[in-house]
Structures are given as structure tokens and as C-alpha cells.
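Me: I would like to go through this model with you and ask, for each term, what justifies it. Please set the values against the criteria wherever a criterion decides the matter.

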Amino acid sequence: MSERDDTEKEEKPNEETPNISSEQEEVEDCDMEKIRKYLAQKLRLLDSSDCDEQSHQKVLRELSVDGIVNYIKENENCKIITMAGAGISTSAGIPDFRSPSSGLYHNLAKYNLPHPQAIFELDYFMENPEPFFMLAKELLPEGFKPTPSHYFIRLLWRKGLLLRHYTQNIDTLERMAGLPPDILVEAHGTFHTGRCLKCRAPYTLPWMKEKIIEGVIPKCEECNEGVVKPDVVLFGEMLPERFHYLTDRDFAQADLLIIMGSSLVVQPFASLVDRVRPNCPRLLINKEKVGMQDRLSRFLGLRQGLIFDTRSSHGGRDVAWLGDCDTGCQLLADKLGWGDELKDLVKKEHERLDAENTKKN
Ligand code: OAD
């Protein structure tokens, strides 16, 4: 696994036209731009930000982690939104979904599912909740500790820089790391609470945990009929109201977006990256590049997806740091002058959680 600021790599010439001179290239670019604009206008696809002066301004002095760090230092009241996926929890021992071989979707053979994602589909759950609860037993937030990435997010909050943390994770590690509920949006719900699917009676995590650990499907004690489902959002269910309400408010005012440990393939979460203003820098900390603008959007000049391209006519605002999330977060903290504070926080909090666990057992 390489750990590097990978933005420079993108500077290589277009591989499809390796031999043409730069003059010729400019003419072609210009023609292409005209065609693009013409088509986009005709199809009414032109993004208003295309004409927006703001989007052409250079917002980062350099397209690198250092550029992001300087930007934060220079913007005293920088409003940061963090977006996270399963990659921030893998170092806690919780597998992600799509990583080859270690990802959950590659290890579900024993559940005999029609397809891997069925385990998180509402229709399948209604028919056969057993596989979900068997998996829940393995994944229950039991003994797992938040990772340095979680504590880095807490540090952003402590410094007054975190506007909101949006997570797809259902492992409750953000709560455990001490992020207050009002700063947190659990887009795909949480194991923290549950509900009877028939009479909607609410249940707590400890109650559900007891049943799940016993290997029993939790049944409602109020109506004695319904299955109690943890409040995780399954495919086919609506995202929480809070998600829609806050995304409308938050993204338009963010000064910086940090995306960590997600493949950015599940909607609508993935397209949140497009909801920030056109001049808002976006930093991806991940093992691989994800969420990039596709060729059609690029051709039509649509503001969709991340653009790790230093040749961008829009000045460039997206940075990819490729490697392990915890290492990336520690690097950012070091460069911001909070390195020791982050290490201390992780150490103290892990000691506290270990002591609590020892007391419990
Ligand atoms: P994925 O498994 O799809 O993606 C995890 C991403 O994190 C991948 O790009 C990995 O390469 C990267 N990654 C893993 N470990 C890392 C580490 N230590 N450091 C840096 N990067 C790392 O997980 P999500 O994007 O969270 O939905 O998946 C989104 C949704 O798909 C989940 O919320 C879940 C699933 O179906 C529901 O359960 C509704």
C-alpha cells in the first residue's frame, strides 16, 4: 500500500494522444471546449457554476496535503465537513464492504444469500432476517475501539472547525469517540437503537445485543409479533429525515470537505461531494482514488465527482492522499501542529475504554 500525495501523478499527458504537439493539443482542447459548451447548453445541462467566476479561482496554493493544511491555517473559522465510510473503522477490526478478499461482501458464502447485498436489503430481511442477525452478532459494537481517524474528527470538533460529520457507518464508533449527537449525521442509521417493525415500539442497544448474542431473533415484547430491527437503513428504506434536512443546510456553507475511507458508490451519500460550493476544496483520504468525475460528466462540463487533475481549467481544488486513513489523519494533525494532542487523546481514550471493558467483564 502506497502512502503518498498522489496528485502529481495525474500530470502525465493524455495517454490517448501521446504524439501530438502541445500547440495542436491546445487547438483541439479549445474546439472540444466549444463543442462541449454548445452541447451542454442545447441539452440544458450546463452547470451554472460553469459560468461562475468563483469556480475558476485558485483556492489552494498547491494541490497537496500541504495546500490543504495552509488553507485551514489561513481560514481561522474554517467550516469543515467530514464524510466517512467503513475504511475509518477497519483498523478497529471491523471489515469494510467492498475491499477485495477482506470486505464483507466477499465473505458471506455461509449465509446462502441470493446476492451479497441481500443481507442489507429490506425485502430480503422481511422474508428472512436470520442472516442479518447472524452477521450482526459478528459486527456488534462489542470490544471495538474508535480509531485515530475517529479521534482526529473529534479533534476537529474540539478545535471548533467541524461543521458536521456525515457517516455511512453503523458501528457507533463516532459516538464512542465522543462526537456529540448534534454534530453527527448517521446517514445509514445506527445499531444504537431499534424498533419493532410491526408496532414501532422502541428498543435499546443493550436489549437487542442480549438477544443477538444469544443467537435469538429479537421479537417485540409489546405486540409479541414483530421483529425488532436495529435502526440501520437497509437498501429499500428511506434515509433519516435529519440527513436531508441537514445536507440542505450544511453543504452550501462548508469551506472544506474531507472524505475518508469510502468507496463513494452508495447513493445518495456519494453525491454529497457535489453539494459543496464550486470553490470548496475537497480532500480524499483513502487507500484508492474514488468518486471521480466520469467521462460524460467531464465532456458535458457537469460539476459531478472529484477531479484530481492539476491541469484543470477550474484551478483545481481536489486533493487525493492515498494510504491508510489513520496515517493520513495523523499526518494532517502533525502538519496542523496537533500531532501530540491526537496521540494523547487516542492513548487516554483507549485506556479509559479498556478499563471500562475490564470492569464489565
Ligand atoms: P466500502 O467497503 O464500499 O469502501 C471502503 C473504502 O475504504 C474502500 O475504497 C477501501 O479501499 C477503503 N479503505 C478500507 N480500509 C481503509 C483504511 N484503513 N484506510 C484507508 N482506506 C481504507 O465501504 P463504504 O463506502 O462505507 O450500506 O460503503 C458504503 C455502504 O455500502 C455502507 O454504508 C453499506 C454498504 O452497502 C449499508 O449498509 C446500507
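Me: To begin with the loops, where is the place of proline 268?

Reply: This is a predicted model, and in it proline 268 sits in the loop that runs between β8 (256-260) and β9 (282-286). The peptide bond that joins glutamine 267 to proline 268 is cis, with omega at about 5°.

Me: What is the phi of threonine 172, and where is this residue found?

Reply: Threonine 172 has a positive phi, about 65°, although it is not a glycine. The residue belongs to the loop between β3 (162-167) and α7 (173-176).

Me: Why are α3 and α11 called oblique to each other?

Reply: Helix α3 (residues 65-74) packs against helix α11 (residues 325-336) at an angle of about 50°, and their axes are 10 Å apart. Angles under 35 degrees would count as roughly parallel, and those from 65 to 115 as roughly perpendicular; the angle of about 50° belongs to neither range, and the two helices are therefore oblique. In its crossing, α3 passes α11 in the right-handed sense.

Me: Which residues of α3 and α11 meet, and how do they divide by class?

Reply: From α3 come Val65, Asp66, Val69 and Ile72, and they meet Leu331, Leu332, Lys335 and Leu336 of α11. By class, this contact has six nonpolar and two charged residues, with no polar ones.

Me: What is the handedness of the crossing of α6 and α11, and at what angle do they pack?

Reply: Helix α6 (residues 148-158) and α11 pack at about 35°, with axes 8 Å apart, and their crossing is left-handed. Pro148, Ser149, Phe152 and Leu155 of α6 meet a set of α11 residues, among them Cys325, Cys329, Leu332 and Ala333. By class, the contact of α6 with α11 counts seven nonpolar, two polar and one charged residues.

Me: What makes β6 and β7 the edge strands of their sheet?

Reply: The sheet is open and consists of three strands in the order β6-β5-β7, with antiparallel pairing. Strands β6 (202-204) and β7 (228-232) are its edges, since each pairs on one side only. Neighbouring strands of this sheet are turned by 40° against each other on average, direction ignored.

Me: How do you know that β5 and β7 pair, and which helix packs on the sheet?

Reply: Pairing requires at least two bridges, and strand β5 (residues 189-196) and β7 have four, in the antiparallel sense; the criterion is therefore met. Glycine 189 stands opposite valine 232 in β7. Helix α8 (residues 205-214) packs on the sheet and touches β5, β6 and β7, its direction making about 75° with that of β6.

Me: Which residues come nearest to the ligand, and how does the shell around it divide?

Reply: Of the 26 residues around the ligand, Gly85, Gly87, Asp96, Phe97 and Ser263 come nearest. The shell divides into nine nonpolar, 12 polar and five charged residues.

Technical notes:
Residues are numbered from 1 along each chain as its sequence is written. This is a predicted model: local features need pLDDT of at least 70, side-chain atom pairs count only at pLDDT 80 or more; totals for chains, interfaces and linings use all residues. A residue is near a molecule or strand if its C-beta atom, placed from the backbone, lies within 6 Å of it. Ala, Val, Leu, Ile, Met, Phe, Trp, Tyr, Cys and Pro count as nonpolar, Asp, Glu, Lys and Arg as charged, and the others, Gly among them, as polar. Axes are lines fitted to C-alpha atoms, for helices over the stretch in contact, and angles run from 0 to 180 degrees between N-to-C directions. Two residues are in contact if their C-beta atoms, placed from the backbone, lie within 7 Å. Angles under 35 degrees count as roughly parallel, over 145 as roughly antiparallel, 65 to 115 as roughly perpendicular and the rest as oblique. A crossing is left-handed if the near helix is turned anticlockwise from the far one by less than a right angle, and right-handed if clockwise.
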